[in-house]
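Here is a look at how two parts of one chain meet. Have the model open as you read.

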Amino acid sequence: MSEISRGLENVFIKATSLTYIDGEKGILRYGGYNIEDLVRNCSFEEVIHLMLYGDLPNSEQLKKVKERINESYNVPPPVIRIMEELPHDADAIAMMETAFSALASYYNYPWKKGENKERALEIIAKASTIVANVYRLKEGQKPEIPEPSESYAKSFLRATFSREPSEEEVDAMNAALILYTDHEVPASTTAALVTSSTLSDMYSCIVSALAALKGPLHGGAAEAAFSQFLEIKDPSNVEEWFNENVIKEKKRLMGFGHRVYKTYDPRAKLFKRYAEELARTPESKKILDIAERLEDIGIKNFGEKKIYPNTDFYSGIVFYSIGFPVYMFTSLFALSRVLGWLAHIIEYVEDQHRLIRPRALYVGPIKRDFIPLSSRN
Ligand SMILES: CC(=O)SCCNC(=O)CCNC(=O)[C@H](O)C(C)(C)COP(=O)(O)OP(=O)(O)OC[C@H]1O[C@@H](n2cnc3c(N)ncnc32)[C@H](O)[C@@H]1OP(=O)(O)O
Ligand SMILES: O=C([O-])CC(=O)C(=O)O
C-alpha cells in the first residue's frame with residue numbers, strides 16, 4: 001500500500017544547484033555562497049546572475065544583466081490600465097496576479113534553451129514596474145515606470161515613492177531582495193514548478209506562485225506577524241497578549257516555525273539586524289521592542305519544539321521603516337522571489353523536465369450500484 005506524505009514533507013521533487021538549506025544548523029546558501037556573505041557584499045543584480053547563470057558575474061556580465069533589466073521596465077500600457085480598474089482596497093497580491101495574467105496575454109513565449117534566461121531578466125524588470133504601481137495605484141497616485149539607476153533596488157524605490165531614497169533605504173531594500181530571493185521548493189515555488197511542468201508560459205507560472213505565496217502560512221506571514229505587533233500596541237502587553245492568544249486560544253504565533261528550519265532562520269537574524277538599524281522613529285522603536293519581547297516569549301515556549309522565528313518575523317519592520325504600508329509586505333517578498341521562481345522553473349524545464357502528476361490514494365467506496373434520482377432518500 002502506498003504511503004501518503006502529508007504536506008509532501010521530505011519529498012524531493014527535483015535536484016537543484018540553486019539553494020542549499022541545512023535546517024538543523026540554520027544554514028542557507030545560494031550556489032554555495034553563505035547568505036550572510038551575499039547580503040553583506042552583493043547587489044541584487046549580482047545575485048540575479050548567480051541564480052540564473054550559476055556564478056557571480058564579472059564586471060562585463062554584470063553590465064549585461066543591468067542593461068537587459070534597464071531596457072525591460074516598460075509594460076504594455078493596457079496592463080497598467082487593467083490594474084487601474086481594480087479597487088483601491090484590492091489585495092496587493094491579487095493585483096499582481098491580475099497584472100501577471102495580463103502580461104501572459106502579451107508574452108506567451110514557448111520555452112527555448114538559450115532564450116529562457118533573457119526572458120527571465122525581462123520578467124524581473126517588469127515585476128519592479130508592477131509592484132511599484134501596486135503601491136502607487138492603491139495610494140491614488142499616477143502610474144510610474146522605473147528608470148535605470150545605479151541599482152535595481154534604487155530604481156524600484158524611486159518609482160514607488162517618487163523621491164530620492166536614502167543610501168540606507170537602498171541598502172536595506174537590496175538586502176531584503178537578496179534575503180527573499182530563493183528558498184528551495186516552498187509552496188509557491190512548487191506551485192510554479194507544477195505549472196511549468198505542463199510547459200505553460202513563464203508569466204503563468206508566476207501567477208500560480210503568487211497565488212500560493214499569498215496565504216498566511218507562507219508569504220502572507222510577514223503581514224500577519226507585523227499585525228500581531230500592532231495589535232499588541234505596547235511592549236508591556238506582550239505577555240498578556242501571548243497568554244490570551246497563543247496559549248489560551250491556541251492561535252499560531254505568526255512569523256514563527258518552519259517546515260525545514262528546526263532552529264533560528266538565518267534570514268531572520270539578518271532582518272533583525274536591519275530592523276534594529278532602521279527603526280529610528282518612536283513608533284518603529286516601539287514595534288521593534290514588542291517584536292523582541294514576543295520573540296523571547298515565543299522561544300521560551302516553543303524552543304523545545306524547535307519552533308523559532310522565521311524570515312517573516314522581522315522583515316515587516318524593515319519594510320515599514322523604509323516607508324511601506326503593511327499591505328505591501330507580501331508583494332515585496334514576491335518582487336524578490338520572482339527570481340527564485342524563475343531560476344527553479346528554468347532549471348527544471350531545461351534539465352529535468354517531466355510532467356508533475358502525483359497520485360491521490362482513493363479511500364471512498366469502491367463500487368456502488370447506481371440509484372436514480374427518483375429513488376434516492
Ligand atoms: C517565508 C515562509 O513561508 S516561512 C513560514 C511563514 N509562516 C508562518 O510564520 C506561520 C506560522 N507558522 C506555521 O504555521 C508553521 O510553522 C508552518 C506552516 C510554517 C510550518 O509548519 P509545519 O511544518 O507544517 O508544521 P505543522 O503545521 O505540522 O505544525 C507542527 C506542530 O508545531 C506547532 N506549530 C508550528 N508552528 C507554530 C506556530 N507558529 N505557533 C504555534 N504552534 C506552531 C503546530 O501547532 C503543531 O503542533 P502539534 O504537533 O502539537 O499539533
Ligand atoms: O521554505 C519555506 O517553506 C518557506 C520559506 O521560508 C520561504 O519560502 O522563504
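## Polar links across the interface

In this predicted model, eight residue pairs, both partners at pLDDT 80 or more, make polar contacts across the interface of domain 1 and domain 2. A polar contact here is a pair of N or O atoms within 3.5 Å, where one must be able to donate a hydrogen and the other to accept it, and residues adjacent in sequence count only if both atoms are side-chain atoms.

On the domain 1 side, β1 (19-22), β2 (27-30), α1 (35-41), α7 (152-161), α8 (167-179) and α16 (329-351) each give two or more residues. Helices (H or I, at least four residues) and strands (E, at least two) are DSSP runs, numbered from the N terminus. The top contributor is α8, with eight residues.

## Salt bridges

There are also two salt bridges across this interface, meaning a Lys or Arg side-chain nitrogen within 4 Å of a carboxyl oxygen of Asp or Glu. As for salt bridges in the model, R280 pairs with E168, with 2.6 Å between the closest N and O atoms.

## Where the domains sit

Domain 1 covers 19-214 + 329-351, and domain 2 covers 221-322; the bounds come from an automatic or database domain assignment. Their C-alpha centres are 26 Å apart. Contact (heavy atoms within 4.5 Å) involves 29 residues of domain 1 and 26 of domain 2.

## Reading the numbers

Residues are numbered from 1 along each chain as its sequence is written, chains are lettered from A and ligands numbered from 1 in the order written. Local features need pLDDT of at least 70, side-chain atom pairs count only at pLDDT 80 or more, totals for chains, interfaces and linings use all residues, and side-chain values use heavy atoms, leaving out hydrogens and water.
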